[in-house]
Amino acid sequence: MRAIILLIAGLLAGCSTSDKPDNLIPEDKMIKLLEDIHVAENQVNNLHMGSADSSLMVYKGLEKEIFKKYQIDTAIYRASFKYYVARPEQFKSMYDRVVKNLEAKNELYLKKQRASKPDTTKKPI
């Protein structure tokens, strides 16, 4: 998935302008936003819906909530994404942080899951 994103980023970089949008999402906020978007995508994928249309509807609802959380709209997100994509080194650095943060969150989740399961290897007294 990461390679696909970087490929798209590279392709879009050639098509974009270097002008900084008026409402550019700050880098740290954009990283958190991208993390939430990837979590939402994963949630939709885990639903195993039979229809792409249904999956898209569910995702769009989650995306709307994410944008509300960050107090942005689609236009601000797209302009900011386009801006960062036009700067491949910066964008790669941002996505490295997104991946690192998501991996840490996943490890924490797995650790909590393991801790909540009873130890079946111990014999009762």
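Here are some notes on this predicted model, point by point.

1. Confidence first. Since everything below rests on a prediction, here is how the predictor rates its own work: the mean pLDDT of the protein chain is 86, and 79% of the residues reach 70 or more. The spread between elements is worth a look. Helix H1, residues 2-13, has the lowest mean pLDDT among the elements, at 54, while H4 has the highest, at 97. I'd keep those two values in mind while reading on.

2. Overall make-up. The protein chain has 5 helices and 0 strands, so to speak an α-α-α-α-α run when you read the elements from the N terminus. Of its 125 residues, 27% count as buried. Among contacts with a separation of 6 or more, 79% are between residues 24 or more positions apart.

3. The core. What sits in the middle of the contact network? The largest nonpolar core has 24 residues, and Met30, Leu33, Ile72 and Tyr77 are the ones with the most contacts inside it. Four helices each supply at least two of its residues: H2 (27-46), H3 (52-69), H4 (74-85) and H5 (88-116). H2 gives the largest share, with 7 residues.

4. Leu33 up close. Leu33 is one of the core residues with the most contacts. Which residues does Leu33 touch, once its neighbours within four places in sequence are left aside? The list is Ile25, Ile66, Phe67, Tyr70, Ile72 and Tyr77. Two of those names, Ile72 and Tyr77, also appear among the residues with the most contacts in the core.

5. H2 against H4. The axes of H2 and H4 are 12 Å apart and the helices pack at an angle of about 110°. That angle makes H2 roughly perpendicular to H4, because the range for that label is 65 to 115 degrees. On the H2 side the contact uses Glu27, Met30, Leu33, Leu34 and Ile37, and on the H4 side Tyr77, Ser80, Phe81 and Tyr84. By type, the residues of this contact come to 7 nonpolar, 1 polar and 1 charged.

6. Met94, over in H5. Met94 has its place in helix H5. Is Met94 buried or exposed? Its relative accessibility is 0%, so Met94 counts as buried, the cut-off being under 20%. Leaving aside neighbours within four places in sequence, Met94 is in contact with Glu27, Met30, Ile31 and Tyr84. Glu27, Met30 and Tyr84 also turn up in the contact of H2 with H4. Met94 and Asp28 are 66 residues apart along the chain, yet their C-alpha atoms are separated by 8.4 Å.

7. Two loop residues with positive phi. Most residues other than glycine have a negative phi, so a pair of exceptions deserves a line. His48, in the loop between H2 and H3, has a phi near 50°. Gln71, in the loop between H3 and H4, has a positive phi of about 55° although it is not a glycine. How accessible are they? His48 counts as exposed because its relative accessibility is 66%, and Gln71 is exposed too, with a relative accessible area of 71%; the cut-off for that label is over 50%.

Terms used: Residues are numbered from 1 along each chain as its sequence is written. This is a predicted model: local features need pLDDT of at least 70, side-chain atom pairs count only at pLDDT 80 or more; totals for chains, interfaces and linings use all residues. Side-chain values use heavy atoms; hydrogens and water are left out. A nonpolar core is a set of buried Ala, Val, Leu, Ile, Met, Phe, Trp, Tyr and Cys residues joined through side-chain atoms within 4.5 Å. Buried means under 20% relative accessible area, exposed over 50%, partly exposed in between (1.4 Å probe, protein chains only). Contact means heavy atoms within 4.5 Å. Axes are lines fitted to C-alpha atoms, for helices over the stretch in contact, and angles run from 0 to 180 degrees between N-to-C directions. Angles under 35 degrees count as roughly parallel, over 145 as roughly antiparallel, 65 to 115 as roughly perpendicular and the rest as oblique. Ala, Val, Leu, Ile, Met, Phe, Trp, Tyr, Cys and Pro count as nonpolar, Asp, Glu, Lys and Arg as charged, and the others, Gly among them, as polar. pLDDT is the predictor's confidence in each residue, from 0 to 100.
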